[in-house]
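Grab a pencil and have the structure open beside you. Here are some exercises to work through, each followed by a solution in steps.

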Amino acid sequence: MRLNILAFAIGVGFLQLQEELPALPLVAGLLIGVLLLLWLGRRRHTLERVLAVLACAVLGLGWAAWRAEQRLQDRLPAAWEGRDVQVVGVVAALPHGFEGGERFEFDVESVETAGARLPERIMLSWYRGRLDDEWRDGLTIRPGERWRFTVRLKRPHGNANPHGFDYEAWLFERGLRATGYVRPRTVAKRLDDFVLQPAYVIERWRDRIRNSFFDVLADSPYVGVLVALAVGDQQAIPATQWRLFRLAGVTHLMSISGLHVTMVALLFAALVGWLWRRSESLMLFLPAPKAAITAGSIAALAYSLIAGFAVPTQRTLYMLAVVAVALWSGRNLGASRSLLLALLLVLLLDPWAVLSPGFWLSFAAVGLLFFVGTARIGVARGWRAALAGWGATQWAVTVGTLPLLLWMFQQFSLVSPLANALAVPLVSFVITPLALLFAVFSWPPLLYLDHWLLSALMGCLEWLAAWPIWEQPAPPLAATLVAVLGVLWLLLPRGFPARWLGLCLLLPALLWPATRPAAGAAWVDVLDVGQGLAVVVRTAGHTLLYDTGPLYSADSDAGQRIVVPYLRAQGVGQLDALIVTHRDKDHSGGVVAVQEALPIARTLSSVPELVGERCVAGQAWDWDGVHFTILHPPVDDYQRKAVRSNNMSCVLRIENAFGSVLLTSDIEARDEQALLARAADQLRSEVLLVPHHGSATSSTPDFVAAVGAREVIIPVGYRNRFQHPRPEVVARYAGSRLWRSDRDGAVRIDLASGLVLSSYRSEYRRYWHGR
């Protein structure tokens, strides 16, 4: 059975790596063929087992393909992207506030615009508005309300970068098949105060609990953490606190994780079991162990529902359900069989779970606990033994999940074992239960005590977070798998010979070197940051960052979300130069995050507020056989008044023996003419970053002809409000090969042994992208 479940899981995982879905008749035919061979070879035991495993793998592939095909049918037609549509539906989940409004899931009940067809569930943003006639003062939304909106939608789309978060996969797993916003200056009408359905009842209850937390602790610094622990609203935690948790290695504790659900189930099971044994009649009606199992299962289900029944919580609930059924039936399934049955149940209900890092980390952590716990059955009891067991558990989880953390996140906290040893019992057994008690009884002293305890914990975590964290390049898959074998060897029971060999197998993943171009070569990566710009240039021994991407909101920017994770994954520990071309927030929005994350040797900018040098035409330097030249702005432009920010954009030309790249930022027609008059002989390049995202104010015919680029790249956001790039501008580059970040994702320019361009979406295409 174990091999069959693993084979099914491999089939499911293999499907999620495909660019296109296989034809279901083909999969069905393959499965029938394997089953026929299995019947023919039923007396040959070895062949029968091999074919059974193969059949399960094909079955997993077919199951995942069928589920994916069903979900893909529920989509927004391309013809209805960017068009106003009037809909009636229900607010399906907790609204999450952000700087400019609220964001919420919306169940579409009917479409009142003739001919329009929308998915069943969509994600909407409702902005408060900047103008008086757009303001919606007094209009608030709550889960379970029925509304009529005029909305404008687009298909799911996210930034596509190496080692980046796949937002489209996240939306696809959750069944959110379109995103958009409520149109301003249109009628938004609440039709019903509440729609009676079980899911909406739960969401309304969560909303009331969340509001009660904020009513009692309105100005308290950590109320968002308590809200997240009680009802799963992770958006309530500020970005600065998330950063603290990441540095301390306790991020998993500050949201409703599998650990919390398990601990709540164990607490309720222990309490009910203790009370049940006090009644002889109850014991005769149902044995105490079974009553405890039932109570624990109900508690886990209730907590999962109040937490929003998010996908990670569902996985834990399914795992506990398998264990509970096995214990209730009195059958000893064994640790490995219980874990694999839970895996099977998760993949049957959610075949896209394999796309989530939490899936791998949660199953790995539970598997490690089983692995270490089984090896220690029969050890001495007592408080010393319990303390030693707790330490061994922390050691096992920390070391055991290390390969996955390095592969997925390229970092781990060195103080994580100590921080978790302190935080896990306090959060799981005290802080979370107190938050849940307040959610039930609404007695303010409970919440005051809870916040005081959390404040004390946060003080300790702040001290621990000041210690350094381990950061390194992303190891390849082969080194990660070898490291997994190494930690399993390292965690074998005491007395097993040569356990130190496991550390040797772990070293390649820990010490994997950063990949760099050869001397004289350069890699130029135009990252997909949406409507903005961020370019990473690497030579054999140096790294330059050209712009830092846009500011998305008060708590989010491209620097922290895209640029810094990308640099970390590539093994970049410092920047030799940072060029912030001008002050516009779509180019400088991530500068603070970059400055906080990395040491920067030299800063060039036209922004007076930034500490560093001015970028001035004529500046030039050489790195490892690669020549860099600043072509704009001239020094005289700094003396002029009323010069637009775009006109001060720093223009950089990169050249080596294999070609040249011209990075133009947001220069406009007047700047292009100035360049033609001042440095026409330096403009010709094989690759051009199109000025100002393809705006109509740039890319004059004379400039385009003078550059003469074979390859042109337009950094642009998907269906952006500026309608960049303009069709007439695109037409001017008819003789060049065109790359667009909204269509192609991140674009790599390889100036090594020739000129080669490639895009991330073409190399990492998945069947849900763009659909």
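One term comes up right away: a nonpolar core is a set of buried Ala, Val, Leu, Ile, Met, Phe, Trp, Tyr and Cys residues joined through side-chain atoms within 4.5 Å. Keep in mind that this is a predicted model.

**Exercise 1.** Find which residues touch the most other members of the largest nonpolar core.

*Solution.* Start with the general idea: in soluble globular proteins, nonpolar side chains tend to be buried together. Here the largest nonpolar core has 49 residues, and Phe213, Val250, Met254 and Leu461 touch the most other members. Next, see where the members come from: α5, α6, α7, α8, α10, α16 and α17 each supply at least two residues. Helix α16 gives the largest share, 10 residues.

Now zoom in on Val250. Leaving out residues up to four places away in sequence, Val250 touches Phe245, Ala419, Asn420, Ala423 and Leu461. Apart from this core lies another one of 34 residues, with Ala577, Trp621, Val626 and Leu663 among them.

**Exercise 2.** Work out whether each partner in the salt bridge between Glu145 and Arg190 is buried or partly exposed.

*Solution.* First, locate the pair: the closest N and O atoms of Glu145 and Arg190 are 3.2 Å apart. The partners sit 45 residues apart in the chain, with Glu145 in the loop between β4 and β5 and Arg190 in strand β7 (residues 189-192). Then apply the cut-off: buried means under 20% relative accessible area. Glu145 has 5%, so Glu145 is buried. Arg190 comes in at 30%, so Arg190 counts as partly exposed.

**Exercise 3.** Do the same for Glu173 and Arg174, which also form a salt bridge.

*Solution.* The closest N and O atoms of this pair are 3.4 Å apart. Glu173 has a relative accessible area of 9%, so Glu173 is buried. Arg174 is at 27%, which means Arg174 is partly exposed.

**Exercise 4.** Trace which residues are joined into one network with Arg210 and Asp233.

*Solution.* Begin with the bridge itself: Arg210 and Asp233 have their closest N and O atoms 2.9 Å apart. Arg210 belongs to helix α5 (residues 198-216), while Asp233 lies in the loop between α6 and α7, 23 residues apart. Both Arg210 and Asp233 are buried. Finally, follow the shared partners: salt bridges join Arg142, Asp207, Arg210 and Asp233 into one network.

**Exercise 5.** Say how many salt bridges a search of the whole structure finds.

*Solution.* The search turns up 28 salt bridges.

Technical notes
Residues are numbered from 1 along each chain as its sequence is written. This is a predicted model: local features need pLDDT of at least 70, side-chain atom pairs count only at pLDDT 80 or more; totals for chains, interfaces and linings use all residues. Side-chain values use heavy atoms; hydrogens and water are left out. A salt bridge is a side-chain nitrogen of Lys or Arg within 4 Å of a carboxyl oxygen of Asp or Glu. Helices (H or I, at least four residues) and strands (E, at least two) are DSSP runs, numbered from the N terminus. Buried means under 20% relative accessible area, exposed over 50%, partly exposed in between (1.4 Å probe, protein chains only). Contact means heavy atoms within 4.5 Å.
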